[in-house]
Amino acid sequence: APPPFATPEDQRVARVTVDVVQRSFSHYASPTKLLDGTERPKFMAAVREALVTTQAELDLRTPDEIEAVVARAVQQLALRTIDIPRIIVVPTGEVRTGFHDFDLDTSKIGFQPVDNDILIQHLSETKRETLSGGSSWVDEPRLENFVVRALVDKADVSYDDHADLLYKLAGQVVARLRTYLPDEDAVKNVLQFYERQIGELVHAQLADHFWEDAVGYEPRISAGFEPLPRQASTANQGEPVRDFKLAVPNPSQIRSMRFGWFSKSIYAEARFDADNERRMAMIIDAAPEVVKWARLAGPPPRIDWGPGAGYEPDFVVETVDRKYLVETKAANQMDDPEVLAKAQAATTWCRHASAYAAEHGGKPWLYLLVPDAEVTAAATLPGLVAQWSRP
């Protein structure tokens with residue numbers, strides 16, 4: 001088939017069109033909606049304005065020629081993406097938050113003292129920085145205070161509400177330092193110089209034990225579709241593109257490999273984190289009912305399954321009558337609490353996405369969580385849907 005944009009002028013118009021869609025019109029349910037009815041004139045006017053700004057129309061002779069290229073660009077964009085609504089689930093009513101009690105994992109704390117001259121310079125710079133920000137900078141009579149003051153600077157940490165837990169964790173940091181540093185002066189040196197880094201380390205673990213209690217939750221859809229991102233590659237330099245249908249001789253190294261030869265993927269290449277994902281791609285690509293699919297490489301969609309914790313499933317699949325989010329897991333992980341929490345969040349996301357699709361003439365969504373033992377040459381997509389979908 002001839003290329004949809006054969007001339008440099010057509011290619012520039014197409015690029016401008018896609019940029020306008022992604023920048024200003026992603027709140028529509030699908031790119032193709034921009035070519036319908038009353039929306040078309042407004043969209044075409046926005047593209048023409050952008051073309052004037054970039055001088056991208058060049059040798060195109062008539063407005064009709066420009067509009068034809070714009071329409072082709074939108075249609076090509078629709079072919080190369082899967083319409084995924086941006087859904088955010090937010091708490092409603094009174095919201096209470098806090099942190100569950102826990103013991104700090106201090107195994108990664110191995111900071112070493114620095115030379116006194118370096119420390120003095122660091123403290124001088126820190127003092128100037130805090131004073132210019134309107135705060136006071138003081139030494140601390142208690143070693144734990146260095147850790148606590150780094151934590152209470154965080155927006156989600158309240159000293160009044162969390163003081164007992166903060167001092168417990170700070171005490172565990174100090175205890176860890178005392179196990180390998182020679183004396184209290186060395187411990188203080190490390191706490192003063194690495195205060196910020198230690199605070200970040202402790203705060204990251206605090207975030208894993210965050211809880212939130214709200215009267216209820218409601219979905220908010222801030223955009224109708226999100227263009228899928230380009231896939232980042234972790235492949236080795238010079239790695240050839242492998243036929244994804246062929247068995248991998250060394251599956252443990254699959255993350256460094258590039259795969260291609262798909263018939264329905266919207267990407268020419270993909271990478272996989274495990275061989276069960278490659279086998280799932282074979283099942284999806286061979287399914288007659290599949291229109292297009294993608295191995296996801298980051299949001300969209302981003303599914304919030306915990307405070308500050310996002311989840312991106314392995315695949316998004318569009319068939320003639322439905323869309324799926326698909327995840328494969330080792331059989332011994334199917335009952336893991338984190339896996340189940342993500343599955344529940346993804347199921348909720350699909351329910352909201354289906355409701356949005358029903359309002360805008362789209363396809364309903366389902367979430368599949370499939371154990372890797374079921375991803376075999378004999379498996380079919382309808383069979384996996386029947387057994388492993390979560391309504």
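Good morning. In this structure, which is a predicted model, there are nine aromatic pairs. I shall describe two of them, then turn to the cavities and the nonpolar cores.

The first pair joins F244 and F262. Their ring centres are 4.6 Å apart and their planes meet at 55°, so this pair is classed as tilted. As for position, F244 sits in the loop between β3 (241-243) and β4 (258-260), while F262 belongs to the loop between β4 and α9 (275-286); the pair therefore ties together parts that are 18 residues apart in sequence. Are these two rings buried or exposed? F244 has a relative accessible area of 1% and is buried. F262, at 15% relative accessibility, also counts as buried, because the limit for that class is under 20%.

The second pair is formed by F259 and F272. Here the ring centres lie 5.3 Å apart with the planes at 50°, so this pair is tilted. F259 is in strand β4, and F272 is in the loop between β4 and α9, so the parts tied together are 13 residues apart in sequence. F259 is buried, with a relative accessible area of 0%. F272 is likewise buried, at 0% relative accessibility.

Let me return briefly to F244 and F262. Together with W293 and F315, these residues form one aromatic cluster.

I now come to the cavities. How many cavities of 30 Å³ or more does the model contain? The count is two.

The largest cavity holds about 40 Å³ of space. Its lining consists of M44, V47, R48, L51, P63, I66, E67 and V70. Two helices, α2 (39-54) and α3 (63-79), each contribute at least two residues to that lining. Sorted by class, the lining of the largest cavity comprises six nonpolar and two charged residues, with no polar ones.

The second largest cavity holds about 30 Å³. Around this space are Y311, E327, K329, V339, K342, Y367 and L369. At least two lining residues come from each of β9 (323-329), α10 (337-359) and β10 (365-371). By class, the lining of the second largest cavity has four nonpolar residues, three charged residues and no polar ones.

My last topic is the nonpolar cores. As general background, nonpolar side chains tend to be buried together in soluble globular proteins. In this model, the largest nonpolar core has 34 residues, and the members with the most contacts inside it are V147, V173, L177, L191, I198, V202 and L206. Which elements give two or more residues to this core? They are the helices α4 (116-132), α5 (144-152), α6 (159-180), α7 (184-193) and α8 (195-207). Of these, α6 gives the most, with eight residues.

V147 may serve as an example. When its neighbours within four places in sequence are set aside, V147 is in contact with A170, V173, L191, I198 and V202. Apart from this core lies another one, of 27 residues, including A270, I283, I284 and L384.

To close, I would recall three points. The pairs F244–F262 and F259–F272 are each tilted. The largest cavity has a lining to which α2 and α3 each supply at least two residues. Finally, the largest nonpolar core draws two or more residues from each of the helices α4, α5, α6, α7 and α8. Thank you for your attention.

Definitions and conventions. Residues are numbered from 1 along each chain as its sequence is written. This is a predicted model: local features need pLDDT of at least 70, side-chain atom pairs count only at pLDDT 80 or more; totals for chains, interfaces and linings use all residues. Side-chain values use heavy atoms; hydrogens and water are left out. Rings of Phe, Tyr and Trp (its six-membered ring) pair if their centres lie within 6.5 Å; planes under 30 degrees apart count as stacked, over 60 as edge-to-face and the rest as tilted. Helices (H or I, at least four residues) and strands (E, at least two) are DSSP runs, numbered from the N terminus. Buried means under 20% relative accessible area, exposed over 50%, partly exposed in between (1.4 Å probe, protein chains only). On a 1 Å grid over the protein atoms alone, a cavity is a set of points where a 1.4 Å probe fits but cannot get out, and a pocket is an open set with protein on both sides within 12 Å along at least five of seven lines; lining residues have an atom within 4 Å of a point. Grid points are joined across faces, edges and corners, and a volume is the space filled by probe spheres set on the points. Ala, Val, Leu, Ile, Met, Phe, Trp, Tyr, Cys and Pro count as nonpolar, Asp, Glu, Lys and Arg as charged, and the others, Gly among them, as polar. A nonpolar core is a set of buried Ala, Val, Leu, Ile, Met, Phe, Trp, Tyr and Cys residues joined through side-chain atoms within 4.5 Å. Contact means heavy atoms within 4.5 Å.
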